[in-house]
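These exercises ask you to read strands, cores and ring pairs from a structure. Try each task before you read the solution below it.

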Amino acid sequence: MRTADVRRTTTALALLLALTACSSGGETETEQPGQEPSPTGSPSGAPSGGASEDPTVAEPTDAFLDWTDTGNEAGTPYLAGPEWSARSTGSGSRVDLTRPGTDIGIAAGSGRTISEVLMSTDWVVVVRQDEAETRSSLVDVVDLATGEKGTLAGPAPASGGSWALTGSDLYYPTYGDRRAYCLATSALADSNGEDGWCAPRNTGFSGLTATDLGVGMMTFDDSRPVACRTANLLDDSGVPQPIDGPTECLAWDVAPAYDGYVWSEVPRPKRQEEAHFHASAYGAFVDLGPGTTGSLTPCGDSVFFVRDPQSPDEPARLMRWTADHTLEVAYESASTGNAFLGEPACGGGVLTLSSFGEQGDEQVWAPVA
């Protein structure tokens with residue numbers, strides 16, 4: 001069984017890899033081993049206004065979702081939806097999409113691995129990434145109403161990067177002129193795609209989140225020894241605009257929410273996996289407390305994030321920021337202390353979650369009202 005220490009090591013490595021898509025006129029900027037993303041524009045904790053000015057502290061209440069066991073081992077690449085489910089097998093060599101009476105198999109293909117499986121109420125998107133990362137990713141699009149499989153309409157995807165799906169709108173990375181790193185969109189229902197905003201030279205983006213309320217992303221530069229990070233929401237023209245609230249260069253996750261947004265900051269550069277979460281609601285800021293970077297997940301009418309045990313006698317928790325601007329505990333692990341949760345995954349308003357700990361592991365799903 002894995003431990004929280006293993007998860008933290010794995011998470012830190014994954015976060016380092018997330019900061020590699022830096023547009024530099026044809027060359028990719030990569031954080032070197034041992035270099036940790038941290039603020040470079042202002043001292044740690046320096047206020048930029050908003051959240052640092054005595055925000056309201058949210059007190060969570062227990063409001064567990066109606067969880068059901070998936071029947072899989074914890075950590076299995078699995079995504080539940082309202083009718084369909086998606087399960088990857090063979091270390092990313094294949095994904096099976098199933099509903100009662102229907103099974104659609106998609107193989108990664110030679111030299112490729114399935115890197116993303118995204119699901120909305122009506123669509124599934126399967127991304128088949130080149131293992132050598134020298135060729136564009138291939139993308140299969142499945143219309144869940146008919147079960148028909150097609151290909152992506154739009155600019156050729158970059159290899160890897162961050163992807164997000166909301167409704168029938170897909171957001172993903174592509175390359176523009178002179179290998180600029182750009183954000184592409186594809187309207188799956190209309191089979192129409194186009195490229196849009198491109199990151200300026202020596203900058204990049206990651207951490208895409210998308211809901212019917214908007215699109216969020218983290219942008220970063222190539223400052224050394226570490227990158228300066230900014231949390232953004234796309235404006236009506238598709239250009240990222242920095243949100244109000246985060247301390248300069250400390251932001252990490254960001255997602256749109258009702259009447260505002262949710263974001264995280266990493267206050268201690270050497271502990272990248274440990275974040276502090278905040279929300280904006282009606283122009284005011286709310287302190288949501290500690291959480292895990294990379295876990296911010298919009299689903300249904302809410303935004304979720306993972307919180308590790310804060311003491312030896314506490315469980316790992318899945319926190320929920322609701323449309324009513326309340327903070328709730330949506331799930332607790334059976335184990336305390338040495339326990340952790342995987343990154344939540346949302347498919348068409350259904351949340352899938354893996355839990356690990358000394359008292360047993362499980363993978364569960366639940367609809368989000």
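**Exercise 1. The largest nonpolar core**

Task: In this predicted model, find which residues of the largest nonpolar core touch the most other members, and which strand gives the most to this core.

Solution.
Step 1. The largest nonpolar core has 17 residues, and those that touch the most other members are Val262, Phe277, Leu288, Leu296, Phe305, Trp321 and Leu327.
Step 2. Next, find where the members come from. Two or more residues each are given by strand 22 (251-257), strand 24 (274-281), strand 25 (284-292), strand 27 (302-307), strand 28 (315-321) and strand 29 (327-336).
Step 3. With four residues, strand 24 gives the most to this core.
Step 4. As a general point, nonpolar side chains tend to be buried together in soluble globular proteins.
Step 5. Now take one member, Trp321. Leaving aside neighbours within four places in sequence, Trp321 is in contact with ten residues if you list them: Ala257, Val262, Ala279, Ala281, Val286, Leu288, Ser302, Val303, Thr326 and Leu327.
Step 6. Another core, of 16 residues, lies apart from the largest one; among its members are Trp67, Cys299, Ala330 and Leu353.

**Exercise 2. Aromatic pairs**

Task: State how many aromatic pairs the structure holds, then decide whether the pair of Trp67 and Tyr331 is stacked or edge-to-face, and do likewise for Phe277 and Phe305.

Solution.
Step 1. There are nine aromatic pairs in the structure.
Step 2. To describe a pair of aromatic rings, use the distance of the centres and the angle of the planes.
Step 3. For Trp67 and Tyr331, the ring centres are 5.4 Å apart and the planes stand at 80°, so this pair is edge-to-face. The cut-off used here is an angle over 60 degrees.
Step 4. Trp67 lies in the loop between strand 4 (61-62) and strand 5 (68-69), while Tyr331 belongs to strand 29, so the pair ties together parts 264 residues apart in sequence. Trp67 and Tyr331 are both buried.
Step 5. For Phe277 and Phe305, the centres are 4.2 Å apart and the planes are at 10°, so the pair is stacked. The cut-off for stacking is an angle under 30 degrees.
Step 6. Phe277 is in strand 24 and Phe305 in strand 27, 28 residues apart, and the pair links these distant parts of the chain.
Step 7. Phe277 is buried, with a relative accessible area of 0%. Phe305 is also buried, at 0%.
Step 8. Elsewhere, ring pairs link Tyr175, Tyr181, Trp197 and Phe205 into a cluster. Over the face of Tyr175 lies Arg179, at 3.7 Å from the ring centre.

**Exercise 3. A sheet of four strands**

Task: Work out which strands stand at the edges of the open sheet with the order 6-7-8-9, and how its strands are joined.

Solution.
Step 1. The open sheet has four strands in the order 6-7-8-9, and their pairing is antiparallel.
Step 2. Strand 6 (78-80) and strand 9 (102-107) each have a single partner strand, so they stand at the edges and one side of each has no neighbour in the sheet. From one strand to the next, the twist averages 15°.
Step 3. Strand 7 (residues 85-89) and strand 8 pair over five bridges. One bridge partner across this pairing is Val95 in strand 8, for Ser88.
Step 4. Strand 7 and strand 8 form a hairpin with four residues between them, and Gly90 in the turn has a positive phi of about 60°.
Step 5. Strand 8 (residues 94-99) pairs with strand 9 over six bridges. In strand 9, Ile104 is the bridge partner of Leu97, and Gly105 is that of Asp96.
Step 6. The hairpin of strand 8 and strand 9 has two residues between the strands, and Gly101 takes a positive phi near 90°.

**Exercise 4. A strand with two partners**

Task: Find how many bridges join strand 18 to strand 19, and where Gly216 has its bridge partner in strand 20.

Solution.
Step 1. Strand 18 (residues 203-211) and strand 19 run antiparallel and are joined by seven bridges. A hairpin of two residues connects them.
Step 2. Strand 19 also pairs with strand 20 (residues 229-234), in the antiparallel sense, over five bridges.
Step 3. Gly216 in strand 19 is the bridge partner of Thr209. In strand 20, the partner of Gly216 is Leu233.
Step 4. Six of the eight residues of strand 19 (residues 214-221) are buried, which leaves this strand mostly covered.

Conventions: Residues numbered from 1 in each chain as written. Predicted model: local features only at pLDDT ≥ 70, side-chain atom pairs only at ≥ 80, totals over all residues. Heavy atoms only, no water. Pairing = 2+ DSSP bridges. Axes fitted to C-alpha atoms, helices over the stretch in contact; angles between N-to-C directions. Buried < 20%, exposed > 50% of the residue type's maximum accessible area, 1.4 Å probe, protein only. Core = buried A, V, L, I, M, F, W, Y, C linked by side-chain atoms within 4.5 Å. Contact = heavy atoms within 4.5 Å. Phe/Tyr/Trp six-rings, centres within 6.5 Å; stacked < 30°, edge-to-face > 60°. Lys NZ or Arg CZ within 6 Å of the ring centre and 35° of its normal.
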